[in-house]
Amino acid sequence: MNLRFLPEHRENALLALDLAQKESAHLGYSYRTLFAQPVNVAWVERLAENQEMAEKVEAFMSRFGRLQDHIGERLVPRFAALLGEAPKSMLDTLIYAEKMGWIQSAEEFFSARKLRNLLVHEYMSDAVLFLESLLAAKEAAEMLFGVVDAISSEAQSIGLA
């Protein structure tokens, strides 16, 4: 018998992956539309008057946080369980994901969680800090896309789908 995953965890893992792929696509849309133009301090300062762009920022921030939460709280833990691992904490889960090559760095993932808080609390009160946070979130979003892609590849390689 050549067991590549625990079948009792298959459905939950597939559901989590499907949702992650959808959330990733939504974040990707926000990412592309938000960063289609140059984002700088002057652009941030004009957000208060530009409702359309402010809405794009809000959508990006919301989708960024939702995908990040889903990856850390559902996708990675369910794939860990699928492969016979039972991490007990978020840190254990992220260390396992790093070991599996699904994320580059558990520390980087935690840093992205802090970014989300900065984006929400510094929103338009400090243009420079907000810009720095937004540009860092752009890079972190790329990391999140990579996690979803890596776990999708894992699912294919073990014949999950």
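**Helix H3 and its partner H6**

Biologist: Happy to look at this with you; at which residue does H3 bend?

Modeller: This is a predicted model. In it, H3 departs from a straight line by about 45°. The residue where that bend sits is Ile71.

Biologist: Thanks! What distance separates the end C-alpha atoms of helix H3, and what span should its residues give?

Modeller: H3 covers residues 51-82, which makes 32 residues. At 1.5 Å a residue, the helix should therefore span 46 Å. The distance between its end C-alpha atoms agrees with that, at 44 Å.

Biologist: And which residue with a positive phi follows H3?

Modeller: Past the helix comes a residue whose phi is near 90°. That residue is Gly84.

Biologist: Nice. At what angle do H3 and helix H6 pack, and is their crossing left-handed or right-handed?

Modeller: H6 takes in residues 127-157, and its axis lies 10 Å from that of H3. The packing angle is about 35°. As for the hand of the crossing between H3 and H6, it is left-handed.

Biologist: How many residues of the contact of H3 with H6 are nonpolar?

Modeller: On the H3 side the contact includes Phe60, Phe64, Gln68 and Ile71, the last being the residue where H3 bends. H6 contributes, among others, Leu134, Lys138, Leu144 and Ile151. One residue of the contact is polar and one is charged, while the number of nonpolar ones is 19.

Biologist: Good to know! Which element of the protein has the lowest mean pLDDT?

Modeller: The protein has six helices and zero strands, with a mean pLDDT of 92 overall. Residues at 70 or more make up 96% of it. Helix H1 (residues 10-34) has the highest mean among the elements, 98, whereas the lowest, 84, belongs to helix H5 (residues 106-121).

Notes. Residues are numbered from 1 along each chain as its sequence is written. This is a predicted model: local features need pLDDT of at least 70, side-chain atom pairs count only at pLDDT 80 or more; totals for chains, interfaces and linings use all residues. Side-chain values use heavy atoms; hydrogens and water are left out. Helices (H or I, at least four residues) and strands (E, at least two) are DSSP runs, numbered from the N terminus. The expected span of a helix is 1.5 Å times one less than its number of residues. The bend at a residue is the angle between axes fitted to the seven residues ending there and the seven starting there. Axes are lines fitted to C-alpha atoms, for helices over the stretch in contact, and angles run from 0 to 180 degrees between N-to-C directions. A crossing is left-handed if the near helix is turned anticlockwise from the far one by less than a right angle, and right-handed if clockwise. Contact means heavy atoms within 4.5 Å. Ala, Val, Leu, Ile, Met, Phe, Trp, Tyr, Cys and Pro count as nonpolar, Asp, Glu, Lys and Arg as charged, and the others, Gly among them, as polar. pLDDT is the predictor's confidence in each residue, from 0 to 100.
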